[in-house]
Amino acid sequence: MDRKEFIKTSCTGVCVALGSGFIMSALLSACKTPLGVIKTAAKDNNVIIPLAEFEHTDYKLVRVNNYNYDLAIQKKEDGTFRVLVMMCTHASQPLTKTGNSYFCTLHGSQFSNTGAVLKGPAEKNMIELPSRIVSNNLTIKLNTSI
Ligand code: FES
C-alpha cells in the first residue's frame, strides 16, 4: 500500500468511527473533565479533598464552584501540601500549568511550581492558601478576597 492509499484508507476509517454516536459520546464526555481535575464545592469557605485522591499522584487541580480560580495542589515530599491559587499576581489572569511551572497568557509572566515568580511583569509570587490534614482529608481555607 503506498502512502497516498494508506492516508485515504486511514482517514475513511477514522471518519466512519467518528461518525458513530457511541464514539462521539465517549469523546465528548472525556472532554468535559480534564484528567486530574477535581470538581467540588466549598462549605464555610473550606474545601475538603480526600487524601485518597493523592494515592497515585502528587498533583491535582481543583475547581471549586463559584470560586474565580482553580487551585493547584501539590503533595510535598514531607507529606504536607502546597495549595496555590491559579491566578497571575500581575493583573489577575487565570494561569495555565505548563510542565513544571505556571504561565500567564496575558503578558507572559511565569511562575515556578512553588509559585515563585520566574519571569515578569508579575512581581509577587502566586498566592498560597493554608491547608491542614484532618482525619483522611485535606482541608483548604479559601481566600475570599480574591
Ligand atoms: S496578567 Fe499575567 S502577566 Fe499580566
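**Exercise 1. Locate V117 and decide how far it is covered.**

V117 is found in strand 9, residues 117-119, where a strand is a DSSP run of E of at least two residues, numbered from the N terminus. The model is predicted, so local features need pLDDT of at least 70 and side-chain atom pairs count only at pLDDT 80 or more, while totals for chains, interfaces and linings use all residues. Residues are numbered from 1 along each chain as its sequence is written.

Next, count neighbours: V117 is partly exposed because 18 other C-beta atoms lie within 10 Å, given that a residue is buried at 20 or more such atoms, exposed at 12 or fewer, and partly exposed in between, with C-beta atoms placed from the backbone.

Finally, list the contacts (C-beta atoms within 7 Å, placed from the backbone): leaving out residues up to four places away in sequence, V117 touches S109, F111, A122, E123, K124 and N125.

**Exercise 2. Describe the faces and partners of strand 12.**

Begin with the faces: L138 and I140 form the covered face of strand 12, whereas N137, T139 and K141 form the uncovered one. In a regular strand the side chains alternate between the two faces of the sheet.

Then take the partners, where pairing requires at least two DSSP bridges between two strands. Strand 2 pairs with strand 12 in the antiparallel sense over 5 bridges, and I48 stands opposite T139. Strand 11 (residues 131-134) also runs antiparallel to strand 12, joined by 4 bridges, with I133 opposite L138.

Last, examine the turn: the hairpin of strand 11 and strand 12 has 2 residues between the strands, and S135 takes a positive phi near 55 degrees.

How values were computed: Contact = placed C-beta atoms within 7 Å.
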